[in-house]
Amino acid sequence: MNRTLQILITFLIFNSCNKDDKNAPIPENENSIFISAVDISSYPEISNSNPTFYDLEGNQSDFFSILKDHRINTVRLRLWVNPINQHSGFNEVKQFSETLKTNGFKTWLTLHYSDTWADPAHQETPIQWQGINFTQLKDSVYNYTEKVMTELLPDYIQIGNEINHGLMHPYGLRDGDGEFQKLLQAGCTGAKAADSSVITILHYAGYTGAKSFYQTVDSVDYDWIGLSYYPKWHGTDLGFLSATCFELQDTFQRPVALVETSYPFTLN
């Protein structure tokens, strides 16, 4: 995926939605929630250059105030285990997470379980976990996830990022002998051990093949289905996307969230 600063809108579809009227306003009650989010994981690095931010009217303004003025209520942050450049590592993400909470945002943490980008084509085991046996890796995932939850206390946590083909290869290949599911369960269990109220999410890139993927992980105890949706790669048929979301919701009895999306600034 494009590694530019991602602006994403996250839509959460709950079982309480009225399927006969998809255009009806989302009811504001305890059974539904609307998440309007941005992924600004690169902001700590960007802020080192002391940038100036402007609103749509050209007025200089505080960056977080601009987000709030546009009804952003949640910030998504990636977390790498031991990144080479130190950005998106534990200490930076912890400090930034605290800043975001002070400014009134909920936090959504994406654990890549990697030292760098994880996506369908790249699922590299962190260097410090390479060469250990599977039982040790599973314990490491549990302990790491529990520590992250305990110290960062996100409202939402992704166990992996775009894990279409598994995570931490070669240990957690999706088509392996069940190790993939065991690693996911270790992450989910570790997160809930620290905070039973946290929302755990499994994240698939795209929607073609999503049903088969979530059948593969149906033995895992997790809370939400998460999808990436980029029109450039996944098509522009929003009707098909919507129908897929409702089918996943009905089949697996879990809310469905679009956890990554973007649209080009220009079509030129």
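Guide: Welcome! Among contacts in this chain between residues at least 6 apart in sequence, 74% join residues at least 24 apart. Please keep in mind that the model is predicted.

Visitor: How many helices and strands are there in the chain?

Guide: The chain has eight helices and 10 strands. Buried residues account for 48% of its 268 residues.

Visitor: How should I read the packing of two helices?

Guide: Two packed helices are described by the angle between their axes and by the distance between those axes. Let us start with helix α4 (residues 134-152) and helix α5 (residues 179-194), which pack at an angle of about 30°, with axes 7 Å apart. That angle makes α4 roughly parallel to α5, because angles under 35 degrees count as roughly parallel.

Visitor: In which hand does α4 pass α5, left or right?

Guide: The crossing of α4 and α5 is right-handed.

Visitor: Which residues meet where α4 touches α5?

Guide: On the α4 side, the residues include Phe-134, Leu-137, Val-141, Tyr-142, Thr-145 and Met-149. On the α5 side, they include Leu-183, Ala-186, Gly-187, Gly-190 and Ala-191. Sorted by class, the contact of α4 with α5 has 10 nonpolar, five polar and four charged residues.

Visitor: Could we look at one residue there? Is Thr-145 buried or exposed?

Guide: Thr-145 sits in helix α4, and it is buried, because its relative accessibility is 0% and buried means under 20%. Leaving aside residues up to four places away in sequence, Thr-145 touches Gly-187, Gly-190 and Ala-191, as well as Leu-111, Tyr-113, Ile-157 and Ile-159.

Visitor: Which residues make the contact of α3 with α4?

Guide: First, the geometry: the axes of helix α3 (residues 90-102) and α4 come within 10 Å and cross at roughly 35°. Here α3 passes α4 in a right-handed crossing. From α3, the contact is made by Phe-90, Val-93, Lys-94, Ser-97 and Lys-101, and from α4 by Lys-147, Val-148, Glu-151 and Leu-152. By class, that contact of α3 with α4 has four nonpolar, one polar and four charged residues.

Visitor: Now the cysteines. What does the count of disulfides come to?

Guide: A disulfide is counted when two cysteine sulfur atoms lie within 2.5 Å, and by this rule the count is zero. As for surroundings, Cys-188 is buried, with a relative accessible area of 1%, and Cys-245 counts as buried at 3% relative accessibility.

Visitor: What about the backbone: which residues does a cis peptide bond join?

Guide: For a peptide bond, the angle to look at is omega. A cis peptide bond joins His-169 and Pro-170, with omega of about 5°. Pro-170 is placed in the loop between β6 (166-167) and β7 (172-173).

Visitor: Which residue in the loop between β6 and β7 should I look at next?

Guide: Try Met-168, which lies in that loop between β6 and β7. Met-168 has a positive phi of about 50° although it is not a glycine, and at 0% relative accessibility it counts as buried. Gln-86, in the loop between β3 (74-79) and α3, also has a positive phi, of about 75°, and is not a glycine. Gln-86 is exposed, with a relative accessible area of 58%.

Visitor: And where is Leu-258 placed?

Guide: Leu-258 belongs to strand β10 (residues 256-261), and it is buried, with a relative accessible area of 10%. Its C-alpha atom is separated by 5.8 Å from that of Ser-228, although the two residues are 30 residues apart along the chain.

How values were computed:
Residues numbered from 1 in each chain as written. Predicted model: local features only at pLDDT ≥ 70, side-chain atom pairs only at ≥ 80, totals over all residues. Heavy atoms only, no water. Axes fitted to C-alpha atoms, helices over the stretch in contact; angles between N-to-C directions. Helix = DSSP H or I, 4+ residues; strand = E, 2+ residues; numbered from the N terminus. Parallel < 35°, antiparallel > 145°, perpendicular 65-115°, else oblique. Left-handed = near helix turned anticlockwise from the far one by under 90°. Contact = heavy atoms within 4.5 Å. Nonpolar A, V, L, I, M, F, W, Y, C, P; charged D, E, K, R; others polar. Buried < 20%, exposed > 50% of the residue type's maximum accessible area, 1.4 Å probe, protein only.
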